[in-house]
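Got your viewer open? Let's take a short walk through this model, one selection at a time.

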Amino acid sequence: MKPCPIQQEIVATNETIAGLRERVRRMEQNLTDPSLPEDRKREISLELKEISKLLETNEELLKKMHKENSKSFAVAACLFFICFLVYGLYVLVNGV
């Protein structure tokens, strides 16, 4: 069974977030290196801020996708309940 597009997007966003977190961790380790030149530390610092903003954006996007996915599930559950209800009423009316 092929996953729906929203699930594929969620998986892709999770992988992006994991990659960004790993990159942030490595950059923070590089910043603590005493042999790193000061200008390189500034570059890494600026890049770290940009990546942090990107990480926050992706996390917000992931929250929205989870919310959308739960709406889809709720619609499917409602349809299932309605079908079950209609079938139950049909059985009661026709005495099958």
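Here is a tour with a few stops along one helix and its end. This is a predicted model, so to speak of local features pLDDT must be at least 70, side-chain atom pairs count only at pLDDT 80 or more, and totals for chains, interfaces and linings use all residues. Residues are numbered from 1 along each chain as its sequence is written, and side-chain values use heavy atoms, with hydrogens and water left out.

Start by selecting 38-94, which is helix α2 (helices are DSSP runs of H or I, at least four residues, numbered from the N terminus). Its 57 residues reach 84 Å from first C-alpha to last, close to the 84 Å expected at 1.5 Å a residue (the expected span is 1.5 Å times one less than the number of residues).

Now pick out I44, L48, I51, L55, N58, L62 and M65: these are the buried residues of α2 (buried is under 20% relative accessible area, exposed over 50%, partly exposed in between, with a 1.4 Å probe and protein chains only). Show 5-31 too: that's α1, part of what covers them by contact (heavy atoms within 4.5 Å).

Next, click F81, also in α2. Buried or exposed? F81 is exposed, at 52% relative accessible area.

Select C78 and C83. How many disulfides are there? The count is 0 (a disulfide needs two cysteine sulfur atoms within 2.5 Å), because the sulfur of C78 is 11 Å from the closest cysteine sulfur, in C83, too far for a bond. C78 is partly exposed at 48%, while C83 is exposed at 52%.

Last stop: G95, just after α2, has a positive phi of about 65 degrees.

How values were computed: Helices (H or I, at least four residues) and strands (E, at least two) are DSSP runs, numbered from the N terminus.
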